[in-house]
Amino acid sequence: MTKKIFHSICLVALIVFFSSVMLIMGVLYEYFSDLQLNQLRLQTDLAAQGVANEGVRYFNGLDLQRYRITWMAQDGTILYDTASDTSSMENHLEREEIRQALANGRGESDRYSATIMERSFYSAKRLPDGSIVRLCTTHGTIFILLLGMSQPILLVFAITIVLSVILAARLSSHIVRPLNELDLDSPFNAPHYKELAPLLLRLASQQNQLKLKEAELLQKQEELQAVISHLKEGIILLSQDGEILSINPAARTLLEPSGSSARIIGKPLKEVSSIPSLLHVADNALHGNRSEQITELKNGHYQITASPVIADGQISGAALLLLDVTQKQKAEQMRREFTANVSHELKTPLHVISGYAELLKNNLVKPSDLCPFADKIYTEAQRMAKLVEDIISLSHLDEGATDLHFETTDLFSIADSVVASLAQEADDANVTFTLSGEQAVLSGIPQLLFGIVYNLCDNAVKYNRKHGDVFIKVKNQADSVILTVRDTGIGIPPEHQEPVFERFYRVDKSHSKDLGGTGLGLSIVKHAAKIHKADIRLESAPGNGTKITIVFPK
């Protein structure tokens, strides 16, 4: 725009200059022509007066370099001429100025010679005797005048060019400066032309709208980034060429080496990761096919789901979701193991019951053995019933025991009830219960608290030695209630202490089955304690008994 204004100003200056020169030269040419014609008239009057008074003698010694004088008779015959021989000159009667002089007493005319580029002025006056005196003078045309004044004109032209360039540069810069200094964020804060007010008002309105849209988009982007950044699931966005456009911290942790801070945005996925399954599903998505696959990444199993991103009917990229299914896989594995264990645990007593029942059915049992057979069938049936009961309880706890409600309960009273219910079993095993402590009120589910104390005490009796002891202590503290069950039994080796709370886990499998254990007691304790947000601590050594402490928060 500055160049256009600059060129326009220079062009206008040149046009004005040449127009002014032509106008001035035209005016000057006419002015000097009129001045020369007036002088020619005056000189004609003087010459006519001299010829009328003196005749041909007037021409003696006359030296007129600028004028040509011709004296002719009334019939056009040349009597005298200062420039040519009269005998060789033609009759001038048909000349315009001569005809005017003969008719009006004075005549004037001018003639242009293209050959010599001159203009001739003629002035004629009739004398009293009828003869005519004519004076002629010449001067150059307007083009000759221009050539004669070319040097000053060129000088003025050069000055005009220099001034035009300087002024055009300054003026164009001055005109454009308010536009160049225009603040699009605040158009009306800077100096501006009033003609631009409607445009600036429109710009200000659009700027406000853009700021609102930008703030809205920024807020949405921050919200999205905050959500994506805190997701445990990994999210990766790929371009059409397979380059990483966005990746959240969870996915970055899975792809990058530990402690790596390298920039991976903008890099192809195949340069960042060499996981075949990840690259495979990503490639399928970039070709328009949704796919998913479960693979092992670092310390867990992840389900990788890749979907193509389609815009305007074309694939513009792909979105990858990395979902941690480790717990799901573990739960599935535990379910399979649990099913297998349940089948195994139920199969043994069923086979025993079936075998003894078949012998009884076929009358293959001696009368003296009927009672032992019946006792064995009863024992196995009770064991199977206990197993089913524990499985139902454990499944109930897995579901969160939502149908049970927390109540204000005294744990010491529950422990006393457990001791009473296990008194017969303790006497049969020659084990002595010792309950100590104080009233300890907490918010809990009575059924589950009873199950915790019962299973701990039941195990303490079963895995104790003859004439052994079981010490139960309930301690009330300001922010918690502590339950401790300690026995003097066989103890638990260190390698078995951590998995002892898993389902169907037995330290001594043969001994446990002989005692009627299902292998689910401590697992029920663990799940019930978890519902109460309690902390379990186990201390044991082979031959020195076992001590289990549970801390219930109030």
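Modeller: Let's start with one word we'll lean on: two residues are in contact when they have heavy atoms within 4.5 Å of each other. Keep in mind, too, that this is a predicted model.

Colleague: Okay, let me try that out. Which residues does phenylalanine 552 touch, not counting residues up to four places away in sequence?

Modeller: Phenylalanine 552 touches Leu411, Leu442, Leu449, Ile452, Asp479, Ser480, Val481, Leu483, His532 and Ala534. Click through them in the viewer and you'll see how a contact list works.

Colleague: Before we zoom in further, what does the secondary structure of the whole protein chain come to?

Modeller: It comes to 16 helices and 17 strands. The chain has 554 residues, and 35% of them are buried. Now take the contacts between residues at least 6 apart in sequence: 56% of those join residues at least 24 apart.

Colleague: How should I read a nonpolar core?

Modeller: The general idea is that, in soluble globular proteins, nonpolar side chains tend to be buried together. Here, the largest nonpolar core has 40 residues, and the members that touch the most others are Leu411, Phe433, Ile452, Leu456, Ile472, Leu483 and Phe552. So our phenylalanine turns up again!

Colleague: Which elements give two or more residues to this core?

Modeller: They are α11, β12 (431–437), α13, β14 (468–476), β15 (480–487), α16 (521–531) and β17 (546–553). The largest share, eight residues, comes from α13. There's also a second, separate core of 22 residues, which includes Ile247, Ala251, Leu278 and Val281.

Colleague: Since α13 keeps coming up, how do I read helix packing?

Modeller: Two packed helices are described by the angle between their axes and the distance between the axes. Try α11 (residues 411–421) and α13 (residues 446–462): they pack at about 50 degrees, with axes 9 Å apart. That makes α11 and α13 oblique to each other, and their crossing is right-handed.

Colleague: Which residues of α11 and α13 meet?

Modeller: On the α11 side you have Leu411, Ile414, Ala415, Ser417, Val418 and Ser421, and they meet Pro446, Leu449, Phe450, Val453, Tyr454 and Cys457 of α13. Sort the residues of that contact and you get ten nonpolar, two polar and no charged.

Colleague: And what is the angle between α13 and α16?

Modeller: That one is about 145 degrees, again with axes 9 Å apart, and the crossing of α13 and α16 is left-handed. From α13 the contact uses Leu448, Ile452, Asn455, Leu456 and Asn459, while α16 brings Gly521, Leu522, Ile524, Val525, Ala528, Ala529 and Ile531. The tally for α13 with α16 is nine nonpolar, three polar and no charged.

Colleague: Can we do a strand residue next? Is isoleucine 548 buried or exposed?

Modeller: Buried means under 20% relative accessible area. Isoleucine 548 has 9%, so it is buried. You'll find isoleucine 548 in strand β17. Beyond its sequence neighbours up to four places away, isoleucine 548 touches Leu456, Leu483, Thr484, Val485, Leu522, Ile536, Arg537 and Leu538. Try a distance too: isoleucine 548 and aspartate 487 are 61 residues apart in sequence, and 9.1 Å apart C-alpha to C-alpha.

Colleague: And where is leucine 321 placed?

Modeller: Leucine 321 is in strand β10 (residues 314–324). Its relative accessibility is 36%, so leucine 321 counts as partly exposed. Along the chain, leucine 321 and glutamate 233 are 88 residues apart, yet their C-alpha atoms are separated by 6.9 Å. Setting aside neighbours within four places, the contacts of leucine 321 are Glu233, Gly234, Ile235, Gln303, Ile304 and Thr305.

Colleague: Last one: what should I make of a phi value?

Modeller: Most residues other than glycine have a negative phi. Histidine 467 isn't a glycine, but its phi is positive, about 60 degrees. Histidine 467 sits in the loop between α13 and β14 and is exposed, with a relative accessible area of 65%.

Colleague: What is phi of lysine 533 near?

Modeller: Near 55 degrees, a positive value in a residue other than glycine. Lysine 533 is in the loop between α16 and β16 (535–540), and at 68% relative accessibility lysine 533 counts as exposed.

How values were computed
Residues numbered from 1 in each chain as written. Predicted model: local features only at pLDDT ≥ 70, side-chain atom pairs only at ≥ 80, totals over all residues. Heavy atoms only, no water. Axes fitted to C-alpha atoms, helices over the stretch in contact; angles between N-to-C directions. Helix = DSSP H or I, 4+ residues; strand = E, 2+ residues; numbered from the N terminus. Parallel < 35°, antiparallel > 145°, perpendicular 65-115°, else oblique. Left-handed = near helix turned anticlockwise from the far one by under 90°. Nonpolar A, V, L, I, M, F, W, Y, C, P; charged D, E, K, R; others polar. Core = buried A, V, L, I, M, F, W, Y, C linked by side-chain atoms within 4.5 Å. Buried < 20%, exposed > 50% of the residue type's maximum accessible area, 1.4 Å probe, protein only.
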